[in-house]
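Colleague: Please take a close look at one part of this model, and then set it in the context of the rest of the chain.

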Amino acid sequence: MKITEGINRENQQQDQLSMNLNGDCGDGQLDATARTDAQRRRLHNTWNWYFIVEAGCVVGADCFFSTASMTYKLVSSFLILLPCLFFMTLVLPRVYDKSERFDRQTADQPISKTGAYGWIFALLTLVCLPMGAWLDGTAILAQLFIVPQLFIAFAYLPALGLVGVLNIAYLGMVLAGKRFLSTDLTGNLMLMILVVVFSAMIGKSFNVLALTNGHNQMLLDKMESQQETIRRLSRAEGASIERERVANEMHDTIAQSLTSILALARVAHEELIDDIPAAQKHLEMIASTSKGSLDDTRRMIADSAPADLDGRDLKTALERTVHATAAKTGFQSQCRIQRTLPPLPKQTEVNLLRIVQESLTNISKHANAQHVQVSLLLKGQELLQLRIKDDGRGFDIQNLDFQEMEKAGHGYGLRDMAKRAQDAGGRCTVTSVPGQGTSITVNIPVERPSNAIRPDKEER
């Protein structure tokens, strides 16, 4: 009943964890989208404020310094603001939303970076600005904000060509007798030339800046996408590792305990007829094994250490495991463990204990051994060696068919022991000869403390 309650609680915790992971994933996606949108808003706002200030200055100059009538001033202001507003609302956002177009050399850029919207903006510019300047000559100053917009919306040479066409229109009006900014013919001609020259000089900078902003936006989008992919793969890998850990723990604890309980129950059933004391002894072993399995299950749910390590050092846990298995199985055991072991990570202690448990289980089920030796000793300065040796039936390791053994349920333990040794930074070696027993050796590098005793001082 308690196991069921614990498993139910664990399922609830896993469901909550899954909800949290999904929530984190959603929050991560929302954060990524929010950062991208914020970046776009910053770019838009920077340009928009520039154009608003420039347009305001031009309209102010048109209203206060022009000698044209108020009607012409208002119509002229509307005409020069129309293409500017169109650019700010429909062209500029699409320049950065289509940033993937800018991941190329400048010479390969499309003429209009926003397709038809750019051409509509160019048409409005070439029509409205000359009309506004014809009504009020001060409106020629609109080029202060229109020229940068052209270089943002178009590639460099097409934008420069549009600036040239616009100033040719102004030049035609000058030749037709229109004067801008109260200057004479020569001054107006010089003004047209200077606008084109300075547009050619600063237009390149505007174009490069627009390309750079678009490219940076593209990189930001790619980075966010890659980060989401990494988060997804990390979650999948973590889930796979957790499934493997739980499978190993269940194999090393619950499966082994159930096997022992089943064997003891069969023996006790036969002894109930003519050997009550022996049956009672085996029933006590069943109760003890069940309690240990229950403790392991609870600690597995809590993701803690094995029950044998609870409140004990590795030496005590190994001795307890060896003697308990020997009592259940009936073989004679010899346990030789270093009196003072170097400090080991908790997971390394767990791995060593699990290797011993798995080896003893295999011996009990398959070896038919009479004697088992378990040793854990320091070898040299920085090597800890675990050895489990029995005098059982052995097997031909050269012709071992792991696939067939795993189908029969026997090969998983050998693979598990090798994996645990590898996780501890060491190596597991299995030697066996038919009829001469089996020896399992695990060598793990350790950092030996300065006050460690000599390896020959061991407990028998």
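Modeller: Gly330, just after helix α8, takes a positive phi of about 105°; helices here are DSSP runs of H or I with at least four residues, numbered from the N terminus. The model is predicted, so local features need pLDDT of at least 70 and side-chain atom pairs count only at pLDDT 80 or more, while totals for chains, interfaces and linings use all residues. Residues are numbered from 1 along each chain as its sequence is written, and side-chain values use heavy atoms, with hydrogens and water left out.

Helix α8 itself covers residues 314-329, 16 residues in number. From its first C-alpha to its last it reaches 22 Å, close to the 22 Å expected at 1.5 Å a residue; the expected span is 1.5 Å times one less than the number of residues. Among the buried residues of α8 are Leu314, Leu318, Val322 and Ala326, together with the polar Lys315 and Glu319; buried means under 20% relative accessible area, with a 1.4 Å probe and protein chains only.

Elsewhere, helix α9 (residues 346-367) holds Asn351, which is buried at a relative accessible area of 3%. Not counting residues up to four places away in sequence, Asn351 touches Arg420, Asp423 and Ala424, contact being heavy atoms within 4.5 Å. Ser77, in helix α2 (residues 70-97), is likewise buried, because its relative accessibility is 6%. Its contacts, leaving aside neighbours within four places in sequence, are Val59, Asp62 and Cys63.

The largest nonpolar core has 39 residues, and Phe87, Phe121 and Tyr170 have the most contacts inside it; such a core is a set of buried Ala, Val, Leu, Ile, Met, Phe, Trp, Tyr and Cys residues joined through side-chain atoms within 4.5 Å. At least two residues of this core come from each of α1 (2-65), α2, α3 (116-135), α4 (143-153) and α5 (156-175), and α5 supplies the largest share, nine residues. Apart from this core lies another, of 33 residues, including Phe331, Ile355, Leu384 and Leu386.

The axes of α3 and α4 come within 11 Å and cross at roughly 160°; axes are lines fitted to C-alpha atoms over the stretch in contact, with angles from 0 to 180 degrees between N-to-C directions. The two helices are therefore roughly antiparallel, a term for angles over 145 degrees. Phe121, Thr125 and Leu129 of α3 make the contact with Ile146, Gln149, Leu150 and Ala153 of α4.

Technical notes
Buried < 20%, exposed > 50% of the residue type's maximum accessible area, 1.4 Å probe, protein only. Parallel < 35°, antiparallel > 145°, perpendicular 65-115°, else oblique.
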